[in-house]
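Hi everyone, thanks for coming along. Let me put the model up on the screen, and then I'll walk you through it piece by piece.

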Amino acid sequence: LISMFVALALNEQLPGRRMMRALVLLPWATALVITAAIFKWMLHPTQGPINGLLRAWGITQADPAWLARPDLAFASVIAVGIWVSIPFTATVLLAGLQSIPDDLYEAAIMDGANAWQRFVHVTLPMLKPVLSVAVVLNVIYVFNSFPIIWVLTEGDPANQTHIIITYLYKVAIREREFGQGYAM
């Protein structure tokens, strides 16, 4: 959903559109290990800027240990995963948006369709194949997010942030349980 909003914004004729498109691609061009390390620093309980902002805005008095509590760690890993997937998905959706002929929108306007109706009845049906590809690629990407999870939490706390590949790595390589690793 976030990528759809980003793609729709980048599709508009706004000043500085090329610069905005380049900035959206920047996180995608950064290695996952570097992005995860930056987020690990940002989520640090005492020195991270996220807790500093939460304290400054009066949202919290205590510093949440984002990566030390299972519920917060899992949510944090998901948030970082979403963050790194936005540029690619937005680019794919933007390509799909630009492939929609203007004639369809002009016809919808002539029929009296408002912006929401044009989005629901023209944009979404025309984006269906592109959305399908984006969803499949993002699902594949999730199962390959080893660097994000390993740098942020190594699958901890209490093994709550593991995916198959991080658990396999932990068992087979770290704990040297090769038989179980091969079985996995």
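Let me begin with a term: a salt bridge here is a side-chain nitrogen of Lys or Arg within 4 Å of a carboxyl oxygen of Asp or Glu. The idea behind it is that side chains of opposite charge can pair when their charged atoms come close.

A word on the model itself. It is a predicted one, where local features need pLDDT of at least 70, side-chain atom pairs count only at pLDDT 80 or more, and totals for chains, interfaces and linings use all residues. Residues are numbered from 1 along each chain as its sequence is written, and side-chain values use heavy atoms, with hydrogens and water left out.

So, how many salt bridges does the structure hold? There are four, and I'll show you three pairs, including this one: arginine 174 and glutamate 154, whose side chains meet at 3.2 Å, N to O. This pair links distant parts of the chain, 20 residues apart, with arginine 174 in helix H9 and glutamate 154 in the loop between H8 and H9. When I say helix, I mean a DSSP run of H or I with at least four residues, while strands would be runs of E with at least two, and both are numbered from the N terminus.

I'll also talk about exposure: buried means under 20% relative accessible area, exposed means over 50%, and partly exposed is in between, using a 1.4 Å probe and protein chains only. Glutamate 154 is partly exposed, because its relative accessible area is 32%.

Next pair: arginine 55 meets aspartate 63 in a salt bridge at 2.3 Å, N to O. Arginine 55 is partly exposed at 34% relative accessibility, and aspartate 63 is partly exposed at 31%. Then there is arginine 69 with aspartate 71, a salt bridge at 3.0 Å, N to O. Here arginine 69 counts as partly exposed at 42%, and so does aspartate 71 at 48%.

Let's stay with the loop between H8 and H9 for a moment, since proline 157 is there too. Most residues other than glycine have a negative phi, and most peptide bonds are trans. Now look at the peptide bond from aspartate 156 to proline 157: it is cis, with omega near -5°. Alanine 158 is found in that loop as well, and its phi is near 55°, a positive value in a residue other than glycine. Alanine 158 is exposed, with a relative accessible area of 56%.

Arginine 176 also has a positive phi, near 55°. You'll find arginine 176 in the loop between H9 and helix H10, which covers 178-183, and it is exposed at 59% relative accessible area.

Now for the pockets. On a 1 Å grid over the protein atoms alone, a pocket is an open set of points with protein on both sides within 12 Å along at least five of seven lines, and a cavity is a set where a 1.4 Å probe fits but cannot get out; lining residues have an atom within 4 Å of a point. Grid points are joined across faces, edges and corners, and a volume is the space filled by probe spheres set on the points.

The largest pocket has a volume of about 630 Å³. Its lining has 29 residues, and those nearest the centre are Gly81, Ile82, Ser85, Asn138 and Val142. Which helix gives the most to this lining? That is H5, with nine residues. As for character, the lining splits into 21 nonpolar, eight polar and no charged residues. In this count, Ala, Val, Leu, Ile, Met, Phe, Trp, Tyr, Cys and Pro are nonpolar, Asp, Glu, Lys and Arg are charged, and the others, Gly among them, are polar.

The second largest pocket holds about 340 Å³ of space. It is lined by 14 residues, with Leu8, Asn11, Glu12, Leu97 and Tyr105 closest to its centre. The largest share of this lining, four residues, comes from H7. This time the residues divide into six nonpolar, four polar and four charged.

That's the tour, so please jump in with questions!
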